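Hi there,

Here is the structure I promised to pass on to you. Have a look at it first, and then read on for what turned up in it.

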Amino acid sequence: MQTAVRGEDAVLWAEGLTKTWDGIKYQLNGVDLVLTRGERAGLVGANGCGKSTLLRLLAGKDDADAGSVQARRGLVAAYVEQEPEFPPGSSIASVMYAGESPVMRTLREYDEATAALQAGEDGAQQRWERAADAMTTQGAWDAENMAARMIEQLLPQYAADLNAPCASMSGGERKRVAIASALLQKPDLLLMDEPTNHLDVRAIEWLERELVDKSACLLLVTHDRYFLEATCNYIYELDGSALYKHQGSYSQYLTAKAQRERELAQAIDVAKKQAKKELEWVRRMPSARQTKSKTRVARYYALDEFARS
């Protein structure tokens, strides 16, 4: 396991994250993680190893048994769950504009200021002018056009009606709305759980381009190895409740993992041979009263434990 080092490019970091299943089985055990600007990372591991759990902890949707998660001041983060759920009565537009990023807050304030101006409320002109200035500062004027373009790519059947209710949508359609909403926030950090589930080839290729072109830091979980290869420049691997980091593409990670496993197998083989020799000595010297003898006994038990790992 590699120790995470936090530098000036860090956007979010976790220290000592520990999470158990039913209070017994470790999913995460003392995990350290640093996500940085420009990092597009895939999170891989066996089913049930804790990948979605780690995403939820980083997104603040769940609490760890131990450890902490901290973010850079002012960080804008977006999280796409594996099975998104929206508030009752939600429409595509209300979900798209519901985020708490500066862009979305500015857009909502502008809409409210415009309504106040049209209603002739006192001070509405000054409020509207401030809101219009903020729209320019935040680059929010094109948000509605961006939303329409995203829906055209992800849900073309709803492109003409962003007020369509989400309640009647399938799980796959809700996932597409959640992806569009997350991208519209212009986040500094994007956490995504199985983003390609239910997407067709056209939508997947569009999403690949969007993620590669964005400057946001990305951490995603997916079983789609082609998507990982196309989008990620780092791979994190959860294995045995520990986290390993590999720089490079998914194919480069597979090569590095195979080498790591070969080296580990070789080390275990050597340990087994050494443990066998020490065991023979221990059996010949059962009392082990002298300091040197105690040291060799301790060495045997250490080698035996490693060989059984």
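The largest pocket holds about 700 Å³ of space. It has 29 lining residues, and those closest to its centre are Lys61, Ala78, Tyr79, Gly99 and Ser181. Please keep in mind throughout that this is a predicted model.

Which elements build that lining? At least two residues each come from α1 (51-59), β5 (77-80), α2 (92-96), α3 (102-118) and α6 (171-184). Strand β5 contributes the most to the lining of the largest pocket, namely 4 residues. By character, the lining of this pocket comprises 18 nonpolar, 6 polar and 5 charged residues.

The second largest pocket has a volume of about 290 Å³. Its lining is made of 23 residues, and Val44, Gly45, Ala46, Lys51 and Leu238 are the ones nearest its centre. Here the elements that give at least two residues each are β2 (25-36), β3 (40-45), α8 (225-231), β8 (234-239) and α9 (250-284). Helix α9 has the largest share of this lining, with 4 residues. The lining of the second largest pocket splits into 10 nonpolar, 7 polar and 6 charged residues.

Now for the two helices from the largest pocket that I looked at in more detail.

Helix α6 supplies at least two residues to the lining of the largest pocket, and Ser181 is among the residues closest to the centre of that pocket. How far apart are the end C-alpha atoms of α6, and does that agree or disagree with the expected span? The helix has 14 residues, so at 1.5 Å a residue it should span 20 Å, and its end C-alpha atoms are indeed 20 Å apart. Most of α6 is covered, with 12 of its 14 residues buried. Among the buried ones are Gly172, the charged residues Glu173, Lys175 and Arg176, and also Ser181. The cover over the buried residues of α6 includes β5, α2, α3, α5 (143-154), β6 (189-193) and α7 (201-213). Just past the end of the helix, Lys186 adopts a positive phi of about 50 degrees.

Helix α3 also takes part in the lining of the largest pocket, with at least two residues. From first to last C-alpha, its 17 residues reach 24 Å, close to the 24 Å expected at 1.5 Å a residue. Its buried residues are Val103, Met104, Thr106, Leu107, Tyr110, Ala113, Thr114 and Ala116. They are covered by parts of the protein that include α2, α4 (124-138), α5 and α6. After α3 comes Gly120, which has a positive phi near 75 degrees.

Two single residues are worth pulling up on your screen as well.

Tyr234 sits in strand β8, one of the elements that supply at least two residues to the lining of the second largest pocket. Is Tyr234 buried or exposed? Its relative accessibility is 19%, and because the cut-off for buried is under 20%, Tyr234 counts as buried. Its C-alpha atom is 7.0 Å from that of Glu39, although the two residues are 195 apart along the chain. Beyond its neighbours within four places in sequence, Tyr234 makes contact with Glu39, Arg40, Ala41 and Gly42, and also with Lys245, His246, Gln247 and Gly248.

Ser91 lies in the loop between β5 and α2. With a relative accessible area of 11%, Ser91 is buried. Setting aside residues up to four places away in sequence, Ser91 touches Leu162, Asn163, Ala164, Pro165 and Cys166.

On cysteines, a search of the whole structure gives 0 disulfides. Both Cys49, at 15% relative accessible area, and Cys232, at 6%, are buried.

Finally, the overall picture. The protein has 309 residues, of which 44% count as buried. Its secondary structure amounts to 10 helices and 9 strands. Among contacts with a separation of 6 or more, 64% join residues 24 or more positions apart; the pair of Tyr234 and Glu39, 195 residues apart along the chain, is one you can look up directly.

Happy browsing, and best wishes!

Methods. Residues numbered from 1 in each chain as written. Predicted model: local features only at pLDDT ≥ 70, side-chain atom pairs only at ≥ 80, totals over all residues. Heavy atoms only, no water. 1 Å grid on protein atoms, 1.4 Å probe; cavity = no way out; pocket = protein on both sides within 12 Å on 5 of 7 lines; lining within 4 Å. Points joined across faces, edges and corners; volume = space filled by probe spheres on them. Disulfide = S-S within 2.5 Å. Buried < 20%, exposed > 50% of the residue type's maximum accessible area, 1.4 Å probe, protein only. Expected span 1.5 Å × (residues − 1). Contact = heavy atoms within 4.5 Å.
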